[in-house]
Amino acid sequence: MVVVVLLWLGWLCAPLGALVLDVNNIKSSADAQGARKGSQCVSDKDCNTRKFCLPQDEKPSCATCRGLRRWCQRAAVCCPGTLCVNDVCTAMEDATPVLERQYKSHLIKH
């Protein structure tokens with residue numbers, strides 16, 4: 001009896017797991033297409049507020065800034081009010097202690 005109930009629950013929950021995966025794939029695909037549709041740029045200064053120049057293939061384009069705890073390579077990638085610290089967009093108030101430690105350790109080394 002227990003085996004039958006477990007099999008039934010597995011059968012019932014399997015489509016829900018597939019649905020969640022499909023939603024995530026659709027979102028990722030839409031984000032990528034949205035980044036490609038932006039206006040062309042040469043540098044971050046060519047893009048509007050809350051956007052940065054994303055170099056892709058032969059046609060760099062303006063992409064939407066990244067929020068808290070998102071991967072970044074430079075400050076312009078992060079949304080206003082955040083900084084790129086250790087390759088992660090971080091709130092300015094959270095980044096201050098990290099930046100102070102890095103600055104002090106740099107002074108000690110030199």
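Trainee: Which cysteine does a disulfide join to Cys72?

Mentor: Cys72 is joined to Cys84, with an S to S distance of 2.1 Å, and because a disulfide is defined as a pair of cysteine sulfur atoms within 2.5 Å, the pair qualifies at 2.1 Å. Bear in mind that this is a predicted model, in which local features need pLDDT of at least 70 and side-chain atom pairs count only at pLDDT 80 or more, while totals for chains, interfaces and linings use all residues. Residues are numbered from 1 along each chain as its sequence is written, and side-chain values use heavy atoms, with hydrogens and water left out.

Trainee: What makes the disulfide of Cys72 and Cys84 right-handed or left-handed?

Mentor: The torsion about the S-S bond decides: for Cys72 and Cys84 this torsion is about 100°, so the disulfide is right-handed. Cys72 sits in the loop between E2 and strand E3 (82–85), whereas Cys84 belongs to strand E3 itself, so the bond ties together parts that are twelve residues apart in sequence. The strands named here, like the helices, are DSSP runs numbered from the N terminus, with at least four residues for a helix (H or I) and at least two for a strand (E).

Trainee: How do you know whether Cys72 is buried or exposed?

Mentor: Buried means under 20% relative accessible area, exposed over 50%, and partly exposed in between, with a 1.4 Å probe and protein chains only. Cys72 has 0% relative accessibility and therefore counts as buried, whereas its partner Cys84, at 23%, counts as partly exposed.

Trainee: Why is the disulfide of Cys47 and Cys62 called left-handed?

Mentor: Its S-S torsion is about -90°, so the disulfide is left-handed. The link spans distant parts of the chain, with Cys47 in the loop between helix H1 (2–37) and strand E1 (51–54) and Cys62 in strand E2 (residues 61–64), 15 residues apart. The sulfur atoms of Cys47 and Cys62 are 2.1 Å apart, and both of these cysteines are buried.

Trainee: What is the torsion about the S-S bond of Cys78 and Cys89?

Mentor: For Cys78 and Cys89 the torsion is about -90°, so that disulfide is left-handed. Cys78 lies in the loop between E2 and E3 and Cys89 in strand E4 (residues 88–91), eleven residues apart, and the pair thereby links distant parts of the chain. Cys78 and Cys89 are both buried. In total the structure holds five disulfides, and when the bonded cysteines of the protein chain are numbered in sequence order, the pairing reads 1-3, 2-4, 5-8, 6-9, 7-10.

Trainee: How many bridges join E3 to E4?

Mentor: Four bridges join these antiparallel strands, and since two strands pair if DSSP finds at least two bridges between them, E3 and E4 meet the rule with four. One of the bridge partnerships sets Leu83 against Thr90 in E4. The two strands form a hairpin with two residues between them.

Trainee: Why is Thr90 called buried?

Mentor: Its relative accessible area is 19%, so Thr90 counts as buried. Among the residues that Thr90 touches, leaving aside those up to four places away in sequence, are Leu68, Gly81, Val85 and Ala95, where contact means heavy atoms within 4.5 Å.

Trainee: What forms a salt bridge with Arg74?

Mentor: Asp44 does, the closest N and O atoms being 2.8 Å apart; because a salt bridge requires a side-chain nitrogen of Lys or Arg within 4 Å of a carboxyl oxygen of Asp or Glu, Arg74 and Asp44 satisfy the rule at 2.8 Å. The two residues belong to distant parts of the chain, Arg74 to the loop between E2 and E3 and Asp44 to the loop between H1 and E1, 30 residues apart. By this rule the count comes to one salt bridge. Arg74 counts as partly exposed at 31% relative accessibility, and Asp44 likewise at 24%.

Trainee: Which value does phi of Asn86 take?

Mentor: Phi of Asn86 is near 55°, a positive value in a residue other than glycine. Most residues other than glycine have a negative phi. Asn86 is placed in the loop between E3 and E4, and at 58% relative accessibility Asn86 counts as exposed. Arg50, in the loop between H1 and E1, also has a positive phi, near 70°, but at 48% relative accessibility Arg50 counts as partly exposed.
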